[in-house]
Amino acid sequence: MTQGLTVYWRPMCGYCTTLKRELARREVPFEDVNIFTNREAAETVRAANGGDELVPTVRVGETFLPNPSVEEVLAVLEE
């Protein structure tokens, strides 16, 4: 069910914390990548969001979701 689920985040982002907590609570495995410490990941996020470092950005396979709810992530995983 994970299809390569990655959550791009940065410190002090409440939306990031909430999303990661909800995914963990639902036992959905994911890789979390801090875009402050991984500049290549920051570039990936900018490319997916028209130049903005919008977080959380979630990648499922080749699909990017900007600031999604946990329900949106789960819906993409179910596809």
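Hi everyone, let's start with a helix on a sheet: helix 3 lies across strand 1, strand 3 and strand 4, and runs at about 170° to strand 4. Please keep in mind that this is a predicted model.

Which residues of helix 3 are buried? They are Val70, Val73, Leu74, Val76 and Leu77. If you look down the axis of helix 3, these buried residues fall within an arc of 160°, so they line one face of the helix. The general background will be familiar: an α-helix has 3.6 residues a turn, so residues three or four places apart point the same way. As for what covers the buried residues of helix 3, the list includes strand 1, helix 1, strand 3 and strand 4.

Now to the sheet itself. Here 4 strands form an open sheet in the order 2-1-3-4, with mixed pairing. At the edges we find strand 2 and strand 4, residues 63-66, and each of these pairs on one side only. On average, neighbouring strands of this sheet are turned by 20° against each other, direction ignored. Helix 1 packs on the sheet too, where it touches strand 1, strand 2 and strand 3, and its direction makes about 155° with that of strand 1.

Let's go through two of the pairings. Strand 1 and strand 3 run antiparallel and are joined by 4 bridges. Strand 3 and strand 4 also pair in the antiparallel sense, over 4 bridges. In that second pairing, Arg59 has Phe64 in strand 4 as its bridge partner. The hairpin of strand 3 and strand 4 has 2 residues between the strands, and Gly61 takes a positive phi there, near 60°.

My favourite residue here is Thr57, which lies in strand 3. Is Thr57 buried or exposed? Its relative accessible area is 0%, and buried means under 20%, so Thr57 counts as buried. On one pairing, Tyr8 stands opposite Thr57; on another, Thr57 stands opposite Pro66 in strand 4. Leaving aside neighbours within four places in sequence, Thr57 is in contact with Thr6, Val7, Tyr8, Val45, Asn49, Phe64, Leu65 and Pro66. What does the side chain of Thr57 reach? It reaches the backbone oxygen of Leu54, at 2.5 Å.

Last stop, helix 1. It covers residues 14-25, and at 1.5 Å a residue its 12 residues should span 16 Å; the end C-alpha atoms are 16 Å apart, which agrees. The buried residues of helix 1 are Cys16, Leu19, Lys20, Glu22 and Leu23, so a lysine and a glutamate are on that list along with the two leucines and the cysteine. Viewed down the axis of helix 1, the buried residues fall within an arc of 160°, so they line one face of the helix. They pack against strand 1 (5-9), strand 2 (31-34), strand 3 (57-60) and helix 3 (70-78). After helix 1 comes Glu27, whose phi is positive, near 60°.

To bring it together: helix 3 lies across strand 1, strand 3 and strand 4, while helix 1 touches strand 1, strand 2 and strand 3, and helix 3 is also among the elements that the buried residues of helix 1 pack against. Thanks for listening, everyone!

Terms used. Residues are numbered from 1 along each chain as its sequence is written. This is a predicted model: local features need pLDDT of at least 70, side-chain atom pairs count only at pLDDT 80 or more; totals for chains, interfaces and linings use all residues. Side-chain values use heavy atoms; hydrogens and water are left out. The expected span of a helix is 1.5 Å times one less than its number of residues. Buried means under 20% relative accessible area, exposed over 50%, partly exposed in between (1.4 Å probe, protein chains only). The arc is that of the directions from the helix axis to the C-beta atoms. Contact means heavy atoms within 4.5 Å. A polar contact is a pair of N or O atoms within 3.5 Å; within protein, one must be able to donate a hydrogen and the other to accept it, and residues adjacent in sequence count only if both atoms are side-chain atoms. Two strands pair if DSSP finds at least two bridges between them. Axes are lines fitted to C-alpha atoms, for helices over the stretch in contact, and angles run from 0 to 180 degrees between N-to-C directions.
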